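Visitor: I would like a close look at one part of this protein, the helical packing and the enclosed space beside it. Please take me through it slowly and in a connected way.

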Amino acid sequence: MIPWNKRGPWMLIQDQMALSFMQFNKLADLLRPISEHIEEIQNFREKNRSSHLFNHLSAVSESIPALGWVAVSQKPGPYVKELNDAAMFYTNRVLKDYKDIDPCHAEWVHSYLSIWTELQAFIKQHHTTGLVWSKTGPIAPPSLFTAPSAGPCPPPPPPPVFPDEQTKGDNSVAQRSALFAQLNQGEAVTKGLKHVSDEQKTHKNPALRSQGGVHHTSTSKDKVPGSTPTPVKKHSPILELEGKKWRVEHQEQAHTLLIEETELRQVVYVFSCTNSTLQIKGKVNSIIVDNCKKLGLVFHNVVGILEVINSRDIQLQVLGKVPTISINKTEGCHVYLSKESLDCEIVSAKSSEMNILVPQGDDEYKEFPVPEQFKTVWDGSKLVTEPTEIAG
């Protein structure tokens, strides 16, 4: 063996490469269980494409590889953020599909995405340039690197025994047998009955009837716990950028809301805002207005779609271009178009009091109502539907 001080620089490089390779193998062995679980999650999503929770599964499947951030050598934080953004594509669909049906899905979305945002903050604080190993920490035990010996599978446990149910079944059988035995007595079955005098009959003694009513009356409030109404939870207002999504939520009496630093890939989600005004500058991918009342929205450019869902008394003003505006389950919506957005497609369903205002000159608009009633006739080969004019 060549002495250490006699070795050339190439041999030193070889030693470093061998050491790094050994460390990589140990790290790969440590990460093997996580990798296997990630693969199981992704396979589970592929096997359940017909599930009504497919968007939920896809959000988890697309972002779960972020658990492998420890193997990213340079900047693991942006890696986690990229996978979190991939999940948001599906979580936005979850918010759209279930917001007006079950709020638990929205809570799940916020809780799940917070996992990755908190992980990004942890990485930024402790491992900005990659995983840092502790020099004084414990060493991984060898049992993690060796697979356990395969032995015979243990026998399945015996089925659980519920003594109460078994006793209940035995008692019911005994009770039925005793009942049939009494019925088979014929006329002798009435021998054990007592004679009731007129003083003991409730229909002939009002005093007994009133006393009996006191003993047998009961209210549902005494039986059902937690019947007192729970106070309505007050949410704190939010205006923040979370990944690629601007969240504007629970704003009340706020007329100076402004989003300036926008990017083409960002979406704006406006939820449960009341009597407020929001201005969006620049160009964004899409805007969703959900469960809002008396909201004024002024925006410049949208490359995708502007959706208004389950809202009331909404005013929208387009300063630039928007290709599609969708209005669903909304009462009262005024849309001010710009000259650049006159080719916009407006799709509405289950909505009323909708008006489109078209520019005619400088600061002048002409108002056109969107039809709410339609007439459908059979022309002999197909159904023909036309809007009807509302009289009066």
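Guide: A cavity here is a set of grid points where a 1.4 Å probe fits but cannot get out, and a residue counts as lining when it has an atom within 4 Å of such a point. The model is a predicted one, and a search of the whole of it finds one cavity of 30 Å³ or more. The volume of the largest cavity is about 40 Å³, and its lining is made up of Asn92, Leu95, Lys245, Val267, Val268, Tyr269, Ser286 and Ile288. The elements that contribute two or more residues to this lining are helix H3, strand E4 (267-271) and strand E6 (286-290), and the largest share, three residues, belongs to E4. Sorted by class, the lining residues are five nonpolar, two polar and one charged.

Since H3 is one of the elements that give two or more residues to the lining of the largest cavity, the helix pairs in which H3 takes part deserve a careful reading. Helix H2 covers residues 54-63 and H3 covers residues 76-98, and their axes come within 8 Å while crossing at roughly 170°. That crossing makes H2 roughly antiparallel to H3, because an angle over 145 degrees is counted that way. On the H2 side the contact is made by Asn55, His56, Ser58, Ala59, Glu62 and Ser63, and these meet Leu83, Ala86, Ala87, Tyr90, Thr91, Arg93, Val94, Asp97 and Tyr98 of H3. The residues of this H2 contact with H3 divide into seven nonpolar, five polar and three charged.

Helix H2 is itself mostly covered, with seven of its ten residues buried, and the buried residues of H2 are Phe54, Asn55, His56, Ser58, Ala59, Ser61 and Ser63. Ser58, which has its place in H2, can be followed individually. With a relative accessible area of 0%, Ser58 is buried, and when its neighbours within four places in sequence are left aside, Ser58 is in contact with Arg45 and Tyr90. Tyr90 is also among the H3 residues listed in the contact with H2, so that the surroundings of Ser58 can be read together with the helix pair, given that contact means heavy atoms within 4.5 Å.

The other pair to consider is that of H3 with H4, which pack at an angle of about 175° with their axes 10 Å apart. H3 and H4 are therefore roughly antiparallel to each other. From H3 the contact takes in Pro76, Gly77, Val80, Lys81, Asn84, Ala87, Met88, Thr91, Val94, Leu95 and Tyr98, and from H4 it takes in Pro103, His105, Ala106, Val109, Leu113, Trp116, Thr117, Leu119, Gln120 and Ile123. By class, this contact of H3 with H4 has 14 nonpolar, six polar and one charged residues. Leu95, one of the H3 residues in this contact, is also among the residues that line the largest cavity. Ala87, Thr91, Val94 and Tyr98 of H3 are named in the contact with H4, and these residues are listed in the contact with H2 as well.

Ala106 offers a view of the H3 and H4 pair from the other helix, as Ala106 lies in helix H4, which runs over residues 103-126. Ala106 is buried, with a relative accessible area of 7%. Leaving aside the neighbours of Ala106 within four places in sequence, Ala106 is in contact with Leu95 and Lys99, and Leu95 is the residue already met in the lining of the largest cavity. The C-alpha atoms of Ala106 and Lys96 are separated by 9.2 Å, these two residues being ten residues apart along the chain.

To place this part within the whole, the protein chain contains seven helices and 16 strands, and buried residues make up 28% of its 392 residues. Among the contacts in the chain between residues at least 6 apart in sequence, 23% join residues at least 24 apart.

Note on methods
Residues are numbered from 1 along each chain as its sequence is written. This is a predicted model: local features need pLDDT of at least 70, side-chain atom pairs count only at pLDDT 80 or more; totals for chains, interfaces and linings use all residues. Side-chain values use heavy atoms; hydrogens and water are left out. Axes are lines fitted to C-alpha atoms, for helices over the stretch in contact, and angles run from 0 to 180 degrees between N-to-C directions. Helices (H or I, at least four residues) and strands (E, at least two) are DSSP runs, numbered from the N terminus. Angles under 35 degrees count as roughly parallel, over 145 as roughly antiparallel, 65 to 115 as roughly perpendicular and the rest as oblique. Ala, Val, Leu, Ile, Met, Phe, Trp, Tyr, Cys and Pro count as nonpolar, Asp, Glu, Lys and Arg as charged, and the others, Gly among them, as polar. Buried means under 20% relative accessible area, exposed over 50%, partly exposed in between (1.4 Å probe, protein chains only). On a 1 Å grid over the protein atoms alone, a cavity is a set of points where a 1.4 Å probe fits but cannot get out, and a pocket is an open set with protein on both sides within 12 Å along at least five of seven lines; lining residues have an atom within 4 Å of a point. Grid points are joined across faces, edges and corners, and a volume is the space filled by probe spheres set on the points.
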